[in-house]
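Let's take a walk through this model, from its overall build down to a few side chains. Here it is.

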Amino acid sequence: MPSLDTQSVTRLIRAAEQDRDSAVGPLLAVYFERLVQLARSRLKNLPGMANYDEDLALRSFYSVYRRVRDPERPLQLASRDDLWRLLAARTISRAIDLIRRHRPGEVPGEYNLEQLLTREPTPEEAAATADECRRLLDLLEEPELRQIALWKVEGYTNEEIAALLDCVQRTVERKVRRIRLLWKNELKDLES
C-alpha cells in the first residue's frame, strides 16, 4: 500500500464526502492492491475465476466510493480503517456473488460452495464481517428491530421471539420482513 499517513487518507475521505473528484485516484491507489489481494484470496483455486480479482476490486471500490459521495445517504466513516472494512466487506460479498453466479454448487477440489463460505475466515475477513454486521444493525433505528435481528441471528424462531416480546407471531413476521427490506435496500444502494 502506498505510504500515506492516516491523516492524509482521512483528508481524502473528507474530500470524497464533499464530492471532490480529486480524491478518487489517490484513494484508489491506497486501497486497490489490498482489494485485489482480498478478491484473489477468495477466488483462488477456482478455475476461470482468477481473472476477476481486479474487476471485483474496482467494482467494489467504485460502489463504495459512490456511496461515500451520496449526500442523501451518507456513510459514517471516521477513518481509513472504517473505509477499509467497508471496502473489504463489499469485495468479499461480490466474490461470493460471483462464485454463486458462475459456479453454483461447484467448487473444485474437495470443497463445495457451502464449505468455502463456512471455512474459518481470516482475521481481516472476520473484522470486515463484524463491521458490516454492526453497520446493518445501525440501520435499524428502532431498538426492537435490532433485538429481533439479533435473536434471528442467534437462531430463535418467530414463535420464540413472539413469546419473548409478548406479541403474536404475525407481528414478528411483519417486523422481520421490514428488517429484510431495509437491508435489501441498503445493499442495492451499495451495488448501484
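## An exposed aspartate in a loop

A residue counts as exposed when its relative accessible area is over 50%. Aspartate 166 comes in at 72% relative accessibility, so it goes in the exposed bin. You'll find aspartate 166 in the loop that joins α8 to α9 (169-191). Its backbone is worth a look too: aspartate 166 has a positive phi of about 55°, even though it isn't a glycine.

## Overall build and confidence

Keep in mind that this is a predicted model. Mean pLDDT for the protein is 76, with 74% of the residues at 70 or more. Among the elements, helix α8 (residues 158-165) has the highest mean pLDDT, at 90, while helix α5 (residues 113-118) has the lowest, at 45. Across residues 106-118 the pLDDT stays below 50, and that stretch has 16 contacts in the model beyond near neighbours in sequence.

As for the fold, there are nine helices and zero strands. Of the 192 residues, 39% are buried. Take the contacts with a separation of 6 or more: 67% of them come from residues 24 or more positions apart.

## Two nonpolar cores

Which residues have the most contacts inside the largest nonpolar core? They are Leu27, Tyr31, Leu83 and Leu87, in a core of 27 residues. Helices α1 (6-17), α2 (24-43), α3 and α4 (80-102) each chip in at least two residues, and α2 gives the most, with eight. As a general backdrop, nonpolar side chains in soluble globular proteins tend to be buried together.

Zoom in on tyrosine 31: leaving out residues up to four places away in sequence, it touches Val9, Arg80, Leu83, Trp84 and Leu87. Apart from the largest core lies another one, of eleven residues, including Leu137, Leu145, Ile148 and Ile179.

Trp84 also has a charged partner. The charged end of arginine 34 sits over the ring of tryptophan 84, 3.8 Å from the ring's centre.

## Helix α3 and its rings

Does the length of α3 add up, and what numbers go into the check? At 1.5 Å a residue, its 16 residues should span 22 Å, and the end C-alpha atoms are 23 Å apart, which agrees. The buried residues of α3 include Leu56, Ala57, Val64 and Val68, and also Asp53 and Arg67.

A search of the whole structure turns up four aromatic pairs. In one of them, phenylalanine 61 and tyrosine 62 have ring centres 5.2 Å apart and planes at 85°, so this pair is edge-to-face. Phenylalanine 61, at 2% relative accessibility, counts as buried; tyrosine 62, at 33%, counts as partly exposed.

Why is the pair of phenylalanine 61 and tyrosine 65 called stacked? Their ring planes are at 15°, with the centres 5.7 Å apart, so the pair is classed as stacked; the cut-off for stacking is planes under 30 degrees apart. Both residues are buried. Phenylalanine 61 and tyrosine 65 sit four residues apart in helix α3 (residues 53-68), about one turn of the helix. An α-helix has 3.6 residues a turn, so residues three or four places apart point the same way. Put the ring pairs together and Phe61, Tyr62 and Tyr65 form a linked cluster.

Terms used
Residues are numbered from 1 along each chain as its sequence is written. This is a predicted model: local features need pLDDT of at least 70, side-chain atom pairs count only at pLDDT 80 or more; totals for chains, interfaces and linings use all residues. Side-chain values use heavy atoms; hydrogens and water are left out. Rings of Phe, Tyr and Trp (its six-membered ring) pair if their centres lie within 6.5 Å; planes under 30 degrees apart count as stacked, over 60 as edge-to-face and the rest as tilted. Buried means under 20% relative accessible area, exposed over 50%, partly exposed in between (1.4 Å probe, protein chains only). A charge sits over a ring if NZ of Lys or CZ of Arg is within 6 Å of the ring centre and within 35 degrees of the ring normal. The expected span of a helix is 1.5 Å times one less than its number of residues. A nonpolar core is a set of buried Ala, Val, Leu, Ile, Met, Phe, Trp, Tyr and Cys residues joined through side-chain atoms within 4.5 Å. Contact means heavy atoms within 4.5 Å. pLDDT is the predictor's confidence in each residue, from 0 to 100.
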